[in-house]
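Colleague: I would like to learn how to read a model like this one. Where do we start?

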There are 4 protein chains.
Amino acid sequence: MIRIDNSSAVPIYEQVKDGLRGLVTRKLLGPGDQVPPIRGLAELLVVNPNTIARAYRELILEGFLESRKGEGAFIARGAVSRASNGMESIRRRLVDHILLSRRAGLSWKDVQSAIQEAKEEDSNVEK
Amino acid sequence: MIRIDNSSAVPIYEQVKDGLRGLVTRKLLGPGDQVPPIRGLAELLVVNPNTIARAYRELILEGFLESRKGEGAFIARGAVSRASNGMESIRRRLVDHILLSRRAGLSWKDVQSAIQEAKEEDSNVEK
Amino acid sequence: MIRIDNSSAVPIYEQVKDGLRGLVTRKLLGPGDQVPPIRGLAELLVVNPNTIARAYRELILEGFLESRKGEGAFIARGAVSRASNGMESIRRRLVDHILLSRRAGLSWKDVQSAIQEAKEEDSNVEK
Amino acid sequence: MIRIDNSSAVPIYEQVKDGLRGLVTRKLLGPGDQVPPIRGLAELLVVNPNTIARAYRELILEGFLESRKGEGAFIARGAVSRASNGMESIRRRLVDHILLSRRAGLSWKDVQSAIQEAKEEDSNVEK
DNA sequence: GTGGTCTAGACCACC
DNA sequence: GTGGTCTAGACCACA
């Protein structure tokens, strides 16, 4: 459900947070649904459990997740709106990345070609 | 000629490297041309000389620059093709970032709006 | 395991790089093995941590080491062949130095006596 | 008559000094003979005149060369014995280089093969 | 705890 | 003047 890019500059715990938010905005998960246990998800994504724990911790602080002792973690009631707030920060990160690439000499044509390439690769992975 | 974003997650020395590569791809600098002295560029960009020295050092290891002790640093012969290779990897990094954002739930419309926003901010900084 | 000559013209960070490569060619370290933490090795060799960090950084750029943030640095998969390539370039450097000495008028007899002297000093330092 | 290796770790001015000493030990030049003017030699070896000037200056301080105003520089009377003293420092430099290579993991077998290779290349260039 | 970045400032070598 | 190395010490990110 969530894919991790180890070689990305974006920290893994952020990718995990983004991934969970994505599942909610894409309606694959909703308020009240249980998210995988830390250890299970860590095993699934082949990352350190501490990394998952950090992602969950921050999502809980943010009010996106709720943890119930002894039961696990669940999507919180206000998660849908909070997820779209999260989307905004993801968008902003992309804007910054584009600006940096520009500063490094990338032309707008290159930027457009990058989007085209991403679209093609994206549809390839579609299920 | 080179702009630095101190608050970026991308290290300053990488921004300097990208900036120099950009000057070559934009034909503002070519093989044999001398690049600014370390201390001068450091003063210009208001960063520590060590940081510039590191950028130059890595560009030398990469074969993009050549340095002659006591004379200065110069764009190497093979720099043009290396620079375009570098551009390609910057483009590729952007593709990956877009895919990551998509997986996190960002819509293509959001991606387009991000580009639009970047374009606006980019022209603001232009002098 | 690694010996450093502070008074040598060869920079310390190069000696550290050579030393690590040597440990691999001598099979004392292999792919996947963890190398000492930067600060630990710095203390051991009585040099500044930055100097060790630079050696590690360049070995990473070279593909000889891999680092995982918060975990440590490890010998990379392709390290063995890269190490022997490195040995080859060290050997080549020695050939060039000998030729240089010859051009400067050193006789082959002098060259042999130099090796003899090196052998003696080498065994003196051995523990 | 003198060959320069730009990529060597040995500074160019030292190579020039060594080269001149070599010409004397090989009896191609003797006391009273004039050495080339700084500018001419610099042009011949394609190096900065300052570099040649430094080599000559140090050889004069050492008593190996003598300069006569308006005439040029000449091999000094005591040059032959001083040249062999110089040979000793060249030999010592070689010993140090071998020790460093050893420390970097080079085996004695590799050292011997390096000498063999140097011998072959040396005879190729012989006139 | 790990590695990574940056600053500040000193010292050396070469031209 | 140029680049190159090293130290000292601070701060951040990640596990």
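Modeller: Start with two helices and their angle. This is a predicted model. In it, α1(B) and α4(B) lie oblique to each other, because their axes cross at roughly 120°, and angles from 65 to 115 degrees would count as roughly perpendicular, those over 145 as roughly antiparallel.

Colleague: Which residues do these helices span, and within what distance do their axes come?

Modeller: Helix α1 of chain B covers residues 12–25, and helix α4 of chain B covers residues 79–103. Their axes come within 9 Å.

Colleague: Is the crossing left-handed or right-handed?

Modeller: Left-handed, as α1(B) passes α4(B).

Colleague: Which residues of α1(B) and α4(B) meet?

Modeller: From α1(B), take B:D18, B:R21, B:V24 and B:T25. Facing them in α4(B) are B:A79, B:V80, B:A83, B:S84, B:G86, B:M87 and B:I90. Sorted by class, this contact holds six nonpolar, three polar and two charged residues.

Colleague: Now the fold of a single chain. In what order do the elements of chain A run?

Modeller: Read from the N terminus: α-α-α-β-β-α-α. That is five helices and two strands. The C-alpha atoms of chain A fill a box of roughly 55 × 30 × 30 Å along the principal axes.

Colleague: What share of chain A is buried?

Modeller: Of its 127 residues, 34% count as buried. Look at sequence separation too. Among contacts in chain A with a separation of 6 or more, 51% join residues 24 or more positions apart.

Colleague: Next, interfaces. What is the general idea?

Modeller: Interface size is often given as the accessible area lost when the parts come together. Here we count residues instead. Chain B gives 36 residues to its contact with chain A, and chain A gives 36 as well.

Colleague: Which elements of chain B give two or more residues to that side?

Modeller: They are α1, α4 and α5 (108–125) of chain B. The largest share, 13 residues, comes from α4(B). The side of chain B that touches chain A has 15 nonpolar, eight polar and 13 charged residues.

Colleague: And the DNA. How many residues surround strand E?

Modeller: There are 30 around DNA strand E. The closest are B:I12, B:N48, B:G70, C:G70 and D:P11.

Colleague: Which elements give two or more residues to that surface?

Modeller: Go chain by chain. Chain B gives α1 and α3 (49–61). Chain C gives α2 (38–45), α3 (49–61) and β2 (72–75). Chain D gives α1 (12–25) and α3 (49–61). The largest share, five residues, comes from α3(C).

Colleague: How do the residues near DNA strand E divide by class?

Modeller: Into 13 nonpolar, 12 polar and five charged.

Conventions:
Residues are numbered from 1 along each chain as its sequence is written. Chains are lettered from A and ligands numbered from 1 in the order in which they are written. This is a predicted model: local features need pLDDT of at least 70, side-chain atom pairs count only at pLDDT 80 or more; totals for chains, interfaces and linings use all residues. Helices (H or I, at least four residues) and strands (E, at least two) are DSSP runs, numbered from the N terminus. A residue is buried if 20 or more other C-beta atoms lie within 10 Å of its own, exposed if 12 or fewer, and partly exposed in between; C-beta atoms are placed from the backbone. Two residues are in contact if their C-beta atoms, placed from the backbone, lie within 7 Å. Axes are lines fitted to C-alpha atoms, for helices over the stretch in contact, and angles run from 0 to 180 degrees between N-to-C directions. Angles under 35 degrees count as roughly parallel, over 145 as roughly antiparallel, 65 to 115 as roughly perpendicular and the rest as oblique. A crossing is left-handed if the near helix is turned anticlockwise from the far one by less than a right angle, and right-handed if clockwise. Ala, Val, Leu, Ile, Met, Phe, Trp, Tyr, Cys and Pro count as nonpolar, Asp, Glu, Lys and Arg as charged, and the others, Gly among them, as polar. A residue is near a molecule or strand if its C-beta atom, placed from the backbone, lies within 6 Å of it.
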